[in-house]
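Okay, thanks for coming, everyone. I'll put the structure up first and then walk you through a few spots in it.

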Amino acid sequence: MYIRRQKEYIWIHIVVFLCLCDWSASQLSYSISEEVNKGTVVGNIAKDLNLNVQELDTRDLRIVSSYSKKYFDVNLRTGNLFVDERINREELCPHVVKCSLKIQAVVNNPMTAHRIDVNVLDINDNSPAFIEETYTLNISESSLTGERYLLPIAVDADIGSNSVKTYKLSQNEHFSLDVQSGGDHGVSAELVLQKALDREKQSVITLLLTAVDGGKPPRSGSLQIHVNVLDVNDNIPTFSKTLYKVRVKENATPGTLVIQLNATDLDEGMNSKILYSLIKRGNIDPSNFFELNSETGEITVKGTLDYEETPAYEVRVQAIDQGLSPRSAHAKLLIEIVDVNDNAPEIAVTSLMTPVKEDAELGTIVALVTVSDKDGGNNGVTNCKVVGSVPFKLKSNYKNDYSLVVDGPLDRENTSLYNVTITATDEGSPPLSSIRVITVHVSDVNDNAPRFMEPVINVYVKENSPVGSVIYTINAFDPDLDINAKLTYRLLDSSPKNIPMSSMVNINSETGDIVSLQSFNYEELKTFQFKVQATDSGVPPLSSNVTVNVLILDENDNNPTILAPYSEHGSVNSENIPYSAEAGYFVAKIRAVDADSGYNALLSYHLSEPKGNNLFRIGTSTGEIRTKRRMSDNDLKTHPLVVLVSDNGEPSLSATVSIDVVVVESTADIQTQFRHVPIKEESFSDLNLYLLIAIVSVSVIFLLSLISLIAVKCHRTDGSFSRYSAPMITTHPDGSWSYSKSTQQYDVCFSSDTLKSDVVVFPAPFPPVDAELISINGGDTFTRTQTLPNKEKVGHLY
């Protein structure tokens with residue numbers, strides 16, 4: 001690479017020298033659009049320069065330029081000049097009408113330099129854009145129609161017809177758009193007022209200005225315009241009433257609020273700020289008895305009021321705004337002085353029985369209440385009642401003596417404290433009243449059983465997890481209080497496999513931590529179930545149960561196992577192929593299984609060959625070894641191959657097997673070798689036992705599924721059929737079948753081009769989830785539908 005780079009520098013120096021000496025045999029000119037794909041042909045420089053195509057390589061035809069990127073290159077076999085780098089006209093020639101790239105074509109023997117100009121044509125690949133995202137205009141509501149307001153212009157990196165050509169304005173009733181063309185200087189737009197503005201009706205008008213270029217198809221960009229309508233003082237203040245009437249007790253103290261006047265002005269700012277004032281009429285000056293806050297409009301008592309001297313006051317009030325030309329309004333205020341009852345009733349609690357148990361019966365006495373009033377006659381007669389919705393009421397004992405009793409069910413968990421408001425009112429004119437709040441505490445009783453957040457808890461535990469680890473923490477809660485809410489936990493054995501839970505898990509009675517007492521093996525035990533009981537410490541104690549499903553998650557702890565007739569790594573197997581074998585000729589098929597489940601059992605096959613040997617290939621999913629091409633005289637007669645079988649776990653585990661492929665002269669020399677698996681005198685191995693169990697399981701589940709499907713189809717109804725999920729049988733391009741249900745999945749695999757037939761069954765990983773298939777297509781790539789390579793006929797599982 002270093003030599004090549006030096007060579008490039010030498011050529012660049014030669015081109016610069018030729019340019020300085022003006023030693024250019026000819027000049028070519030081409031045109032091409034920007035953003036064309038790499039490899040697009042610009043022109044045939046060999047033809048245009050009258051160069052012999054067969055001599056381009058020997059004369060070392062090269063394209064050189066002064067640019068940082070190599071935008072063009074030449075095909076020495078055809079002489080075509082083609083695009084070698086993405087061309088962006090806006091980056092190369094911003095704001096320039098004509099954009100051209102100047103390059104040199106240099107050849108040797110004799111050395112000649114040819115100048116080439118490539119004109120880059122613009123395409124509409126840029127949308128108009130405004131510099132600002134929003135634009136704000138402040139326009140007075142007194143503005144006349146026809147007034148114009150200049151708007152921002154949009155910028156488009158493209159040129160010519162692809163640049164901005166017009167503007168559009170969103171639909172509205174107040175403004176129109178005047179678009180003005182400036183020839184080569186682009187277009188501009190002005191906002192024209194068409195209808196008078198009224199700030200009191202609409203203070204802010206939002207418009208959308210859109211710039212559109214002339215490309216095909218056209219591209220556009222938008223700008224949001226906010227028009228703030230400025231206020232003028234064109235509205236007078238308005239009182240909420242023309243006549244206000246109010247009554248004031250004669251014993252009202254100075255500073256007592258009489259009334260708060262309210263006047264509004266639809267204008268804004270200083271035009272809407274209102275000041276209030278009292279107007280003197282005749283000999284009576286209301287400012288001697290009442291005080292008016294000029295800003296808030298509050299009228300308060302200033303002096304001493306006497307009903308016998310003046311039973312009523314008639315006051316005129318003025319409201320004036322603060323505009324440059326102030327506008328005002330007037331209202332009448334009638335103040336009546338009322339003769340009052342001077343003393344309010346008094347409420348006393350003589351005895352309070354608290355707290356009250358939440359299971360207290362109706363009529364249980366909570367407190368004794370006495371009401372008194374210092375006034376006499378009707379002003380001293382009192383009526384007492386409980387205010388609000390509370391489970392208590394007042395029961396009259398004798399005259400002004402009452403008992404506060406329970407009048408409804410109490411529930412401490414909902415409300416542990418009640419603030420009972422008692423109101424006593426006399427019969428004076430006007431009546432006076434007093435309020436007393438009695439706080440009643442509710443004590444707890446054990447009336448709530450412990451509660452779990454869910455009726456069933458699923459706990460996922462990885463196999464081989466260490467003994468003594470906390471696999472889950474049970475958390476129940478009791479809405480009761482103190483000792484009634486103190487919980488203890490214990491296990492209830494409910495395993496259907498007659499395995500005592502005390503040997504598998506334990507629970508901390510106080511914290512609810514579930515601890516594993518053994519390390520779980522997914523291949524031996526996939527799930528087990530038990531119940532946990534939570535009991536409170538109340539009298540009597542209450543309890544509740546929750547079901548716990550422990551789901552063992554598979555770990556990749558088993559290596560793939562090579563099946564017969566090939567043994568594992570350590571011995572070399574031999575296969576013969578004829579010298580005349582065509583590409584794709586079948587050599588051998590490697591079979592392997594994995595005791596794990598799911599992706600941990602999904603196997604892939606890879607071939608390891610000596611360097612430079614590209615004669616064989618292996619199907620990553622099928623394990624079939626085939627030839628990639630015909631034999632040649634340069635190929636070896638014996639090809640040692642090492643097949644690596646890897647699972648899809650994390651980390652991946654693997655096994656290897658060695659095969660020597662011997663090339664023979666004719667097919668007559670090939671003898672089919674039947675390999676026999678050595679049979680042990682002992683009982684079945686664990687692998688054979690697992691495979692036998694898998695086959696029986698598949699057969700039983702398949703038959704049960706077919707029977708269930710037939711029964712459902714025969715007896716289904718509109719209301720019940722929706723609860724079932726029909727099994728899904730999928731065919732694949734390589735001839736495989738996939739059988740899937742919503743709770744369990746099995747794949748039956750067939751193939752048509754091997755010496756023997758196989759049946760391989762893969763159950764879906766636990767726990768059950770929605771049905772999902774993993775398939776391997778003809779190109780040996782994985783998809784999310786799990787189906788391994790299949791065979792046409794059902795054979796024996798080795």
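One bit of vocabulary before we start: when I say two residues touch, I mean they have heavy atoms within 4.5 Å. And keep in mind that what you're looking at is a predicted model.

So, let's begin with Ile-274, which sits in strand 19. Ile-274 counts as buried because its relative accessible area is 10%, and the cut-off for buried is under 20%. Leaving out residues up to four places away in sequence, Ile-274 touches a whole list of others, including Pro-237, Ala-263, Thr-264, Ser-294 and Ile-320. Take Thr-264 from that list: it's 10 residues from Ile-274 along the chain, and their C-alpha atoms are 7.7 Å apart.

Asp-265 is on that list too, so to speak our next stop. You'll find Asp-265 in the loop that runs between strand 18 and strand 19. Which side chain of opposite charge is nearest to Asp-265? That's Arg-199, 6.8 Å away, and Asp-265 is buried with no salt bridge. What the Asp-265 side chain does have is a polar atom 2.9 Å from the backbone nitrogen of Asp-267. Among the residues Asp-265 touches are Asn-233, Asn-235, Ser-272 and Asp-321.

Last stop, the cysteines. How many disulfides does a search of the whole structure find? Just 1, and it joins Cys-93 to Cys-99, with the sulfurs 2.0 Å apart. Both of those cysteines are buried. The torsion about their S-S bond is about 55 degrees, so this disulfide is right-handed. Cys-384 is buried as well, at a relative accessible area of 15%.

Notes:
Residues are numbered from 1 along each chain as its sequence is written. This is a predicted model: local features need pLDDT of at least 70, side-chain atom pairs count only at pLDDT 80 or more; totals for chains, interfaces and linings use all residues. Side-chain values use heavy atoms; hydrogens and water are left out. Helices (H or I, at least four residues) and strands (E, at least two) are DSSP runs, numbered from the N terminus. Buried means under 20% relative accessible area, exposed over 50%, partly exposed in between (1.4 Å probe, protein chains only). Lys and Arg count as positive and Asp and Glu as negative; His and the chain ends are not counted. A salt bridge is a side-chain nitrogen of Lys or Arg within 4 Å of a carboxyl oxygen of Asp or Glu. A polar contact is a pair of N or O atoms within 3.5 Å; within protein, one must be able to donate a hydrogen and the other to accept it, and residues adjacent in sequence count only if both atoms are side-chain atoms. A disulfide is a pair of cysteine sulfur atoms within 2.5 Å.
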